[in-house]
Amino acid sequence: MGDRIDYRNMSLISRFISEQGKILSRRVNRLTLKQQRLITIAIKQARILSSLPFRNNEKQLDRAESIPRTTSPRTKNK
């Protein structure tokens, strides 16, 4: 018997989300159309109820900190 697809089943839902927090495609998940729809609905419900973040920004923040920022505005060369 398989796991029940539900917004409260975080161990099941987390398998179908990428590191960036995006829902993986059917081709990657190897799910049927009906299963993919149920997973998508469960993920969206968990996001709305704040059980799951909409986006995972951890890697983006690390990368943004390593980029040097300029203090002066850029000007056009005339």
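**Figure 1. Overall fold of the chain.** The secondary structure consists of four helices and zero strands, in the order α-α-α-α along the sequence. The model is predicted. Of the 78 residues in the chain, 23% count as buried. Among contacts in the chain with a separation of 6 or more, 47% are between residues 24 or more positions apart. The exposed area of the chain is about 7200 Å², and carbon and sulfur atoms supply 51% of it.

**Figure 2. The largest nonpolar core.** Ten residues form this core: Leu12, Ile13, Phe16, Ile17, Leu31, Ile39, Ala42, Ile43, Ala46 and Leu52. H1 and H3 are the elements that give two or more residues to the core. H3 provides the largest share, with four residues. One of the core residues, Ala42, is in contact with Ile5, Asp6, Tyr7 and Ile13 when neighbours within four places in sequence are left aside.

**Figure 3. The salt bridge between Arg8 and Asp6.** The side chains of Arg8 and Asp6 form a salt bridge, with an N to O distance of 2.9 Å. The count of salt bridges in the model is one. The two partners fall in opposite accessibility classes: Arg8 counts as exposed because its relative accessibility is 57%, above the 50% cut-off, whereas Asp6, at 16%, counts as buried, being under the 20% limit. Asp6 is also among the residues in contact with Ala42.

**Figure 4. Surroundings of Asn29 in helix H2.** Asn29 is located in helix H2, which spans residues 26–29. The relative accessibility of Asn29 is 14%, so Asn29 counts as buried. The side chain of Asn29 makes a polar contact of 3.2 Å with the side chain of Gln36. Apart from neighbours within four places in sequence, the residues in contact with Asn29 are Phe16, Leu24 and Gln36. Of these, Phe16 is also listed in the largest nonpolar core.

**Figure 5. Glu19 in the loop between H1 and H2.** Glu19 is placed in the loop that links helix H1 (10–13) to helix H2 (26–29). With a relative accessibility of 51%, Glu19 counts as exposed. A distance of 6.9 Å separates the C-alpha atom of Glu19 from that of Asn56, although the two residues are 37 residues apart along the chain.

**Figure 6. A nonpolar surface patch.** Ile48, Leu49 and Phe54 make a nonpolar patch of about 370 Å² on the surface. Ile48 belongs to helix H3, which covers residues 33–48. Ile48 has 66% relative accessibility and therefore counts as exposed.

**Figure 7. Two loop residues with positive phi.** Most residues other than glycine have a negative phi. Arg30 has a positive phi, near 60 degrees, and is not a glycine. Arg30 sits in the loop between H2 and H3 and counts as exposed because its relative accessibility is 77%. Ser50, likewise not a glycine, has a positive phi of about 65 degrees. The loop that holds Ser50 lies between H3 and helix H4 (58–66). At 63% relative accessibility, Ser50 is also classed as exposed.

Note on methods: Residues are numbered from 1 along each chain as its sequence is written. This is a predicted model: local features need pLDDT of at least 70, side-chain atom pairs count only at pLDDT 80 or more; totals for chains, interfaces and linings use all residues. Side-chain values use heavy atoms; hydrogens and water are left out. Buried means under 20% relative accessible area, exposed over 50%, partly exposed in between (1.4 Å probe, protein chains only). A salt bridge is a side-chain nitrogen of Lys or Arg within 4 Å of a carboxyl oxygen of Asp or Glu. A polar contact is a pair of N or O atoms within 3.5 Å; within protein, one must be able to donate a hydrogen and the other to accept it, and residues adjacent in sequence count only if both atoms are side-chain atoms. Contact means heavy atoms within 4.5 Å. Patches are made of residues with over 30% relative accessible area and no salt bridge: like charges are joined within 9 Å, nonpolar side chains (Val, Leu, Ile, Met, Phe, Trp, Tyr) within 5 Å. Accessible areas come from the Shrake-Rupley method with a 1.4 Å probe; for residues, only the protein chains shown count as cover. A nonpolar core is a set of buried Ala, Val, Leu, Ile, Met, Phe, Trp, Tyr and Cys residues joined through side-chain atoms within 4.5 Å.
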